[in-house]
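Please open the model in your viewer with side chains available for display, and follow the stops below in order.

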Amino acid sequence: MKLATLKDGTRDGRLVVVSRDLTRCTDASFLARTLQAALDDWARISPHLATLAQSLESASVPSQRFHEHDAHSPLPRAYQWADGSAYLNHIELVRTARGAEMPESFRTDPLMYQGGSDSFVAPRDPIRIADEAWGIDMEAEVAVIVGDVPMGATVEEARAAIRLIMLVNDVSLRGLIPPELAKGFGFFQGKPSSAFSPVAVTADELDDAWDGKRLHLPLCVDLNGKPFGRANAGVDMTFDFPQLIAHAAKTRPLAAGTVVGSGTVSNKLDGGPGKPVGEGGVGYSCIAEQRMIETIADGTPKTPFMRFGDTVRIEMKDKAGRSIFGAIEQTVVRYER
């Protein structure tokens with residue numbers, strides 16, 4: 001089934017079930033007012049949501065047109081947002097860009113940070129930033145929402161806790177990150193609010209593209225209407241989602257509704273760091289990677305970070321070319337208090 005949260009003037013929105021083709025939705029608030037409420041009682045609520053989804057497909061329940069612009073992130077806020085960095089190609093490139101070597105332990109121990117989760121951005125709302133000089137960058141990722149995970153959970157327990165899958169734009173301010181990390185702490189100011197896809201889906205909606213650990217489909221990233229990234233989320237993912245979840249739960253339990261991200265999807269090419277889409281590669285899921293490739297090739301980056309008026313679109317399509325999660329499409333605008 002596919003679930004979304006419609007904006008309704010409240011902080012947490014209203015839960016709806018969305019049709020597989022993303023054209024229609026039906027109210028689910030009589031079962032659970034919000035997605036978080038459904039996750040808190042998933043064993044009891046999810047079978048009823050699944051039945052409602054079947055009824056929507058057969059047109060046997062009232063429905064309305066589903067407009068992605070009316071959707072908030074599936075969880076407008078969450079108890080926890082833990083973002084991993086599972087693609088070592090991304091880590092190597094970004095750390096090289098800021099003059100930092102990659103410790104060997106990164107190959108065996110996942111990297112993860114705890115992001116702000118009190119105010120996610122709706123998938124079609126603008127990215128509001130006060131200063132272009134902060135180095136505005138998108139980071140296209142996959143994320144999962146989990147049920148309750150006990151502290152010290154095994155990888156198999158972590159796998160069983162996955163409830164929903166969605167996409168992420170984990171916005172980064174590249175100019176603020178290096179000085180933050182140089183203090184021995186961070187991220188904080190370098191990571192403003194993230195945005196998630198209009199729809200979160202259960203694993204059965206993904207057919208064989210989901211193997212219980214990874215999502216094996218290209219992640220489409222367009223910048224100002226032009227292809228920027230087509231990296232496959234199932235390729236070069238060193239740590240899978242159960243491993244990331246178990247890592248996060250090593251010293252603490254994870255509450256139902258915790259969001260765990262994959263980190264920026266990033267593919268190598270013939271053992272190298274990759275090529276832009278226009279040069280026959282799969283491109284990149286963030287601008288920082290392309291700038292690093294340009295630096296390696298020419299000694300200096302050419303591609304600017306995002307500026308006011310720039311638009312990023314992040315989407316994933318099934319093998320038939322149909323959108324699975326809807327699209328994150330955001331324009332960068334100047335923040336005016």
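**A cluster of rings**

Begin by selecting Phe196, and keep in mind that this is a predicted model; at 1% relative accessibility, Phe196 counts as buried, because the cut-off for that label is under 20%. Add Phe120 to the selection: the rings of Phe120 and Phe196 form an edge-to-face pair, with 4.6 Å from centre to centre and 65° between the planes. Phe120 lies in the loop between strand 7 (112–115) and strand 8, whereas Phe196 belongs to strand 13, so this pair ties together parts that are 76 residues apart in sequence. Both Phe120 and Phe196 are buried.

Next select Trp81, which is also buried, with a relative accessible area of 1%. Ring pairs link Trp81, Phe120 and Phe196 into a cluster, and the structure holds 4 aromatic pairs. One of them is that of Trp81 and Phe196, which is edge-to-face at 5.3 Å centre to centre, with 80° between the planes. This pair links distant parts of the chain, since Trp81 is in strand 6 (residues 81–84) and Phe196 in strand 13 (residues 195–196), 115 residues apart.

**Charges over rings**

Now show Lys191 together with Phe187, where the charged end of the lysine sits over the ring, 5.2 Å from its centre. Then move to Arg291, which lies over the face of Phe305 at 4.2 Å from the ring centre.

**An open sheet**

Finally, display the open sheet of 5 strands, whose order is 8-19-18-15-16 and whose pairing is mixed. Its edge strands are strand 8 (127–129) and strand 16 (226–229), each of which pairs on one side only. Within the sheet, strand 15 (residues 220–223) and strand 18 (residues 311–315) run antiparallel and are joined by 4 bridges; select Asp222 to find its bridge partner in strand 18, Arg313.

Conventions: Residues numbered from 1 in each chain as written. Predicted model: local features only at pLDDT ≥ 70, side-chain atom pairs only at ≥ 80, totals over all residues. Heavy atoms only, no water. Pairing = 2+ DSSP bridges. Helix = DSSP H or I, 4+ residues; strand = E, 2+ residues; numbered from the N terminus. Phe/Tyr/Trp six-rings, centres within 6.5 Å; stacked < 30°, edge-to-face > 60°. Buried < 20%, exposed > 50% of the residue type's maximum accessible area, 1.4 Å probe, protein only. Lys NZ or Arg CZ within 6 Å of the ring centre and 35° of its normal.
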